[in-house]
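Please open the structure in your viewer and keep the selection panel at hand. The tour below moves from stop to stop, saying what to select and what is to be found there.

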6 protein chains.
Amino acid sequence: MADVRTALIISAHAADFVWRCGGAIALHAEMGCEVTVACLSFGERGESARLWKDGKSLQEVKDIRRGEAEAAATVLGAHRLECFDLGDYPLHLEKEDKFRLVDLIRAVQPSFMMSHSQYDPYNTDHMYMTQIALEARMIAQAWGHNPGENVLGAPQLYLFEPHQTEQMGWKPDVFLDITPVWDKKRKAMECMNGQVHLWEYYTRVAQQRANHFKRNSGGMSGGRDCKFAEGFQSVFPRTVDML
Amino acid sequence: MADVRTALIISAHAADFVWRCGGAIALHAEMGCEVTVACLSFGERGESARLWKDGKSLQEVKDIRRGEAEAAATVLGAHRLECFDLGDYPLHLEKEDKFRLVDLIRAVQPSFMMSHSQYDPYNTDHMYMTQIALEARMIAQAWGHNPGENVLGAPQLYLFEPHQTEQMGWKPDVFLDITPVWDKKRKAMECMNGQVHLWEYYTRVAQQRANHFKRNSGGMSGGRDCKFAEGFQSVFPRTVDML
Amino acid sequence: MADVRTALIISAHAADFVWRCGGAIALHAEMGCEVTVACLSFGERGESARLWKDGKSLQEVKDIRRGEAEAAATVLGAHRLECFDLGDYPLHLEKEDKFRLVDLIRAVQPSFMMSHSQYDPYNTDHMYMTQIALEARMIAQAWGHNPGENVLGAPQLYLFEPHQTEQMGWKPDVFLDITPVWDKKRKAMECMNGQVHLWEYYTRVAQQRANHFKRNSGGMSGGRDCKFAEGFQSVFPRTVDML
Amino acid sequence: MADVRTALIISAHAADFVWRCGGAIALHAEMGCEVTVACLSFGERGESARLWKDGKSLQEVKDIRRGEAEAAATVLGAHRLECFDLGDYPLHLEKEDKFRLVDLIRAVQPSFMMSHSQYDPYNTDHMYMTQIALEARMIAQAWGHNPGENVLGAPQLYLFEPHQTEQMGWKPDVFLDITPVWDKKRKAMECMNGQVHLWEYYTRVAQQRANHFKRNSGGMSGGRDCKFAEGFQSVFPRTVDML
Amino acid sequence: MADVRTALIISAHAADFVWRCGGAIALHAEMGCEVTVACLSFGERGESARLWKDGKSLQEVKDIRRGEAEAAATVLGAHRLECFDLGDYPLHLEKEDKFRLVDLIRAVQPSFMMSHSQYDPYNTDHMYMTQIALEARMIAQAWGHNPGENVLGAPQLYLFEPHQTEQMGWKPDVFLDITPVWDKKRKAMECMNGQVHLWEYYTRVAQQRANHFKRNSGGMSGGRDCKFAEGFQSVFPRTVDML
Amino acid sequence: MADVRTALIISAHAADFVWRCGGAIALHAEMGCEVTVACLSFGERGESARLWKDGKSLQEVKDIRRGEAEAAATVLGAHRLECFDLGDYPLHLEKEDKFRLVDLIRAVQPSFMMSHSQYDPYNTDHMYMTQIALEARMIAQAWGHNPGENVLGAPQLYLFEPHQTEQMGWKPDVFLDITPVWDKKRKAMECMNGQVHLWEYYTRVAQQRANHFKRNSGGMSGGRDCKFAEGFQSVFPRTVDML
């Protein structure tokens with residue numbers, strides 16, 4: 001592992017990384033971690049209703065969405081934003097697209113990765129994205145894939161919060177205190193002009209997760225205060241020297 | 001929380017704490033953590049077949065099992081061994097027994113707790129024990145239970161490894177490297193004279209878990225070496241400042 | 001939503017809509033609901049054993065199956081039968097096939113949709129069909145897919161009854177009384193000449209579901225009588241003004 | 001079933017019915033439904049931390065909690081509040097306590113019942129309560145239990161929202177629009193002076209559920225507006241004449 | 001294990017063994033297996049609605065139910081019917097009742113055991129019964145329980161078919177052809193005069209299971225014919241010398 | 001079914017069949033069963049780290065892996081080894097590849113089939129393989145696929161043991177005693193020179209499974225001794241004439 005910690009966020013659509021793990025990005029960036037965000041599509045067809053209602057063309061929608069994503073990534077302090085521009089609804093990756101993602105994973109050598117929940121009947125792009133994230137992680141670990149390159153270790157894959165958690169069977173096992181970087185997350189959300197209705201929604205999500213943080217860190221007796229938090233579900237077990 | 005870290009192991013039968021988390025006990029003891037072991041029964045009826053075949057009386061069986069448990073606890077460096085002597089097969093707690101366990105939890109103020117898997121069709125004492133551990137944890141948190149006492153915070157409850165993991169739906173989410181204290185665990189296991197056939201079995205378990213530790217800490221590329229490990233399943237989510 | 005209620009049944013093979021939701025089709029048709037049935041294949045390879053034993057050619061098998069499906073759809077009062085003729089065992093949809101299904105969904109603007117169970121190790125066409133139904137539903141909701149068209153709202157997706165329910169993890173959460181239209185369902189089943197052995201089987205299914213209807217509507221105390229019923233599993237939550 | 005619809009809420013602790021289904025109570029009361037609330041305990045030991053910190057005695061805590069529950073029930077328009085006063089942390093019912101609950105169920109003859117989630121590792125009283133609710137429902141249906149009394153039909157048992165939904169495996173399958181009665185729910189919550197920190201928390205829950213209501217009733221295309229909602233999970237299947 | 005194969009059916013209410021495994025009893029009896037049936041209650045309160053409607057007293061109901069159970073057991077060729085008469089709705093076992101069941105298990109030394117599904121929200125007696133069956137099985141295996149007695153080996157516990165299988169999460173993994181003894185099962189069912197409506201219901205169940213037997217034994221290509229079958233779910237893994 | 005029993009192992013990578021079911025192959029071969037092993041890839045990219053570190057070319061790696069697989073198959077007494085050479089990491093089958101697998105299934109007419117666990121986040125090739133195995137099994141059963149050929153019956157699909165069982169949700173329901181052929185399995189494992197670290201690992205797996213065999217065949221009271229065993233999970237229910 002490199003001296004600098006790194007992370008890789010794999011987001012099906014342009015805005016997912018903001019709502020679902022913007023706090024984690026900003027927090028780790030502040031700690032010197034280089035966070036790369038991969039947007040496989042701009043969410044141009046499926047998550048840009050307002051722009052289409054306004055009569056924008058496909059190219060305009062994509063440009064605007066790209067601009068918003070870049071602005072948000074900058075606010076969050078992301079090290080790099082990589083837009084794959086593969087189209088959405090449905091998102092689909094051919095073999096070479098998968099290999100491009102593998103290349104990115106190997107280039108980043110992430111300490112941890114993030115993607116969507118494993119089930120999402122509302123949005124099949126989301127669950128497809130996670131399936132691909134696992135496949136690409138596996139290929140990146142293969143000594144025989146582009147032999148000579150640095151193979152990947154075994155980074156955790158965190159699943160960030162989907163929109164209706166209970167319908168997705170998503171169960172967070174770690175809560176991250178993002179209070180110190182809340183302003184950045186809020187500012188990043190406000191870059192997403194096409195989804196204004198979600199600003200308050202995900203502010204409330206962060207407040208509810210803060211309540212859960214407090215409860216699980218000690219509750220009424222010594223629970224640490226926390227104003228804003230994010231939750232994540234781990235796919236793989238951790239390895240530790242102390243419980 | 002006190003300056004000294006503390007832990008509480010809640011074991012249905014006398015030997016469970018040795019096979020299932022002896023390494024965790026020894027490791028944390030070496031780090032200065034005060035580990036208390038609660039044995040709710042001696043496993044005298046159900047887990048002492050050899051002694052019964054030898055014609056021992058109930059009192060003799062219990063005495064021998066207590067002696068073995070004490071010896072093992074000493075080897076592991078446990079801070080305290082508390083034998084509730086409530087009987088096994090079936091284990092049953094009346095309200096006052098539960099309150100005695102609550103008292104112990106409050107006295108220990110554990111940084112983390114441990115008990116059995118939540119399902120075990122082979123051994124209903126085990127799943128009953130975990131149910132009680134959750135109930136006692138809840139009572140210990142209640143400000144109105146023996147008002148004035150120090151209430152409990154929100155310690156993790158780790159579920160240690162059952163005998164046939166797959167039949168119990170037990171899924172470890174954390175592997176602990178116990179290589180530095182392996183000799184102690186082996187010695188503690190060898191205190192259990194009535195279950196000699198399990199010494200090799202749980203030595204192999206520790207070796208297999210070490211393989212899993214290595215895989216999940218980096219695998220073929222940077223996975224940390226590990227000779228012996230133990231696995232645990234967390235009931236509650238963690239709260240962290242960094243992923 | 002249009003003034004007339006509409007429904008869309010998405011059936012992997014030609015006969016599925018008869019056995020699994022023929023009653024729902026007939027009942028809703030009688031209530032003035034326009035029910036469209038989409039058969040993605042004729043089940044020509046995998047569900048026409050008798051015809052192949054009789055030495056029919058592929059085209060003959062397909063023609064016969066189409067004829068049976070049309071006859072059944074007519075008996076049930078279906079508004080429209082759309083045969084995609086994509087082949088079966090395995091059923092596979094290319095992007096343009098999916099878009100054809102999306103077009104149909106948008107044309108119908110269904111109040112509710114129906115498809116297969118989400119798991120079926122006996123018949124992978126079935127679970128694939130439901131996966132595609134979810135994907136097509138998502139695309140149909142996208143404002144940027146064929147901008148200007150009427151986008152889809154959020155219709156329920158009901159999963160109709162598979163053959164061996166317990167093996168599929170299928171759990172019905174709604175039972176529909178089809179007694180008033182039973183004769184039509186029976187007649188429609190009798191259109192399926194290649195699967196005579198299923199006529200009695202699915203008659204018994206309807207009788208058993210009627211027993212479940214009665215039990216869940218009040219049981220021994222006020223349960224409404226019911227002779228024939230069908231069961232369905234909902235994918236999405238309902239939204240109501242009264243419980 | 002009587003001419004007047006009735007409902008029965010079975011709440012482990014005094015305040016649960018307010019946070020978790022106060023909207024449903026007020027809404028149905030306004031529609032003429034007689035809603036009975038059963039509080040099996042006052043939550044005096046486990047959910048009254050502030051009062052204990054203030055040095056109140058057990059009797060004082062119970063009196064205050066009863067007063068709050070009565071005030072909330074009145075605000076919500078509940079038909080009847082029945083306090084069983086059985087103690088909490090742990091809640092436990094002897095046979096005669098169960099029969100008292102059965103008597104209440106039979107007296108109410110509820111069109112639907114409500115209780116807690118089926119799993120709650122944080123609060124074993126909650127899952128115990130639901131287990132008892134199912135047992136009491138079964139006994140109330142028995143013709144041989146107090147023969148001659150009116151036996152119970154087969155009312156739905158809705159599971160209302162627990163505190164950390166994802167940790168409980170709770171999955172709502174119905175969302176109820178409580179916008180028309182929101183002021184009453186908020187006022188009822190404000191009766192709970194010992195849990196001020198939850199007022200905002202459950203206001204945000206209602207806002208999030210309203211977002212889910214809107215999405216599931218049509219989303220971006222025709223989804224009905226909704227400001228506040230509550231979610232519920234059904235234990236039993238529904239029986240209907242139309243989908 | 002004795003020379004003669006033996007089996008033990010643990011039935012919460014008097015009639016359960018008839019509907020759910022009457023075929024298995026008759027078939028094994030014909031093969032020389034000694035099948036003992038334990039009825040923990042007569043189902044007198046909860047499953048005898050017709051008798052209560054007819055104005056029978058509790059003692060009359062129990063007598064009639066016992067008579068029916070005895071008649072059915074005789075028809076099926078059961079070796080022994082043991083009525084515990086512990087009461088139903090709810091069924092409850094004190095420690096001594098459990099030990100009585102343990103005594104029976106040890107006396108029978110069953111090659112296999114049978115009981116109810118592990119989940120049943122309609123009938124908590126059923127799931128309680130299975131929980132007790134597992135507990136009693138465990139105690140019967142304990143060398144220290146009544147030392148000197150023959151301890152139990154590790155017989156399979158089969159879960160027989162509940163009434164609404166899908167609501168119980170019951171998944172059969174073995175189908176037994178009961179065609180040769182169908183007449184006996186039908187005759188045994190007809191001994192249950194208070195539940196006439198179930199005769200046809202469980203006849204249809206047997207026919208549907210026969211269809212599943214045929215499908216899983218080879219289907220359209222070599223599936224063995226079968227007219228009546230029963231399904232069972234195994235709790236424990238099998239041990240074999242050949243797959 | 002033919003006079004000679006046959007079996008078909010479907011292995012994603014060249015060595016899987018050795019670690020996961022080498023004992024089953026050898027045991028059945030000794031009993032006269034013709035066991036065919038299909039290796040869909042050589043595991044050349046993803047499971048040959050040592051060879052790549054040694055600087056081998058792709059063709060060399062494949063040749064070496066093929067050689068090892070052939071040697072192992074010979075040691076185990078496999079009837080036939082069919083290498084599909086489709087590539088790994090990721091493994092992918094086009095329609096014609098699937099049909100080639102279908103052809104093999106029909107040629108073998110297996111009494112039982114084997115493949116990987118249904119979930120494996122570490123290795124998506126594994127779960128993909130099982131998905132394909134189910135699809136190919138279905139196609140092989142279709143009378144209209146290559147009409148005139150012998151269609152497949154309904155052979156069991158056993159899922160053999162994955163590497164970290166608990167992470168895969170794999171639950172064995174049958175243990176096979178492989179003690180009589182252990183030497184062959186060990187010798188076959190030793191053919192896999194690139195994965196020396198797994199020899200001891202899978203020896204310990206076999207020893208642990210033997211312990212489980214003993215426990216489930218009677219435990220402390222009559223459990224049959226067993227030195228080495230393998231575990232399998234069944235996808236489909238069994239059909240029997242005796243329990």
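Helices and strands, as the words are used here, are DSSP runs, a helix having at least four residues and a strand at least two, and both are numbered from the N terminus. The model is a predicted one.

**First stop: chain A as a whole**

Select chain A and colour it by secondary structure, which brings up seven helices and eight strands. Along the principal axes, the C-alpha atoms of chain A fill a box of roughly 55 × 50 × 35 Å. A compact globule of 243 residues would have a radius of gyration near 18 Å, and the 18 Å found for chain A therefore agrees with that expectation. If you now switch to a surface representation, the accessible surface of chain A comes to about 8000 Å², and carbon and sulfur atoms contribute 47% of it. Buried residues account for 67% of the 243 residues in chain A. Among the contacts in chain A with a separation of 6 or more, 75% are between residues 24 or more positions apart.

**Second stop: the loop between S3 and H4**

Stay with chain A and select A:Tyr89, in the loop between strand S3 (80–83) and helix H4 (95–108) of chain A. Its backbone deserves a look, since A:Tyr89 is not a glycine and yet has a positive phi of about 50 degrees. Most residues other than glycine have a negative phi, and most peptide bonds are trans. Is A:Tyr89 buried or exposed? Its relative accessibility is 7%, and because residues under 20% count as buried, A:Tyr89 is classed as buried.

Next, select chain B and go to the peptide bond from B:Tyr89 to B:Pro90, which is cis, with omega near 5 degrees. B:Pro90 belongs to the loop between strand S3 (80–83) and helix H4 (95–108) of chain B. In chain C, select C:Tyr89 and C:Pro90, which are joined by a cis peptide bond with omega at about 5 degrees. C:Pro90 is placed in the loop between strand S3 (80–83) and helix H4 (95–108) of chain C.

**Third stop: the loop after H4 in chain B**

Return to chain B and select B:Gln109, in the loop between H4 and strand S4 (112–115) of chain B. B:Gln109 has a positive phi of about 50 degrees, although it is not a glycine. With a relative accessibility of 22%, B:Gln109 counts as partly exposed.

**Fourth stop: strand S4 of chain F and its neighbours**

Move to chain F and select strand S4 (residues 112–115). Which residues cover the two faces of this strand? On one side are F:Phe112 and F:Met114, on the other F:Met113 and F:Ser115, and all of them are buried. Add strand S1 (residues 6–11) of chain F, which pairs with S4(F) in the parallel sense over three bridges. Within this pairing, F:Met113 in S4(F) is the bridge partner of F:Leu8. Then add strand S5 (residues 156–159) of chain F, which runs parallel to S4(F) and is joined to it by four bridges. Here F:Leu159 in S5(F) is the bridge partner of F:Ser115. To complete the selection, include helix H5 (residues 124–140) of chain F, which with S4(F) and S5(F) makes a right-handed β-α-β unit.

**Last stop: how the copies are arranged**

Two copies of a chain are related by a rotation about an axis and a shift along it. Select chains C and D, for which a rotation of 180 degrees with 0.0 Å of shift along its axis superposes chain D on chain C, with an RMSD of 0.0 Å. The two copies are therefore related as by a two-fold rotation axis. The same surface serves both copies, in that 100% of the contact residues of chain D recur in chain C. To find the axis from chain D, select D:Asp173, whose C-alpha comes closest to it of the residues of chain D, at 4.8 Å.

Now show chains A and B, where a turn of 180 degrees and a shift of 0.0 Å along the axis lay chain A on chain B with an RMSD of 0.0 Å. The C-alpha of chain A nearest this axis is that of A:Asp173, 4.9 Å from it. Here too the same surface serves both copies, as 100% of the contact residues of chain A recur in chain B.

Finally, compare pairs without contact: chain B and chain C do not touch, and their nearest C-alpha atoms are 17 Å apart. Chain D and chain F are likewise joined by no contact, with their closest C-alpha atoms 17 Å apart.

Definitions and conventions
Residues numbered from 1 in each chain as written. Chains lettered and ligands numbered in written order. Predicted model: local features only at pLDDT ≥ 70, side-chain atom pairs only at ≥ 80, totals over all residues. Heavy atoms only, no water. Least-squares fit on C-alpha atoms with pLDDT ≥ 70 in both. Contact = heavy atoms within 4.5 Å. Buried < 20%, exposed > 50% of the residue type's maximum accessible area, 1.4 Å probe, protein only. Pairing = 2+ DSSP bridges. Right-handed = clockwise from strand over helix to strand, strands pointing away. Rg over C-alpha atoms; globule rule 2.2 N^0.38 Å. Areas by Shrake-Rupley, 256 points an atom, 1.4 Å probe, with all protein chains shown as cover.
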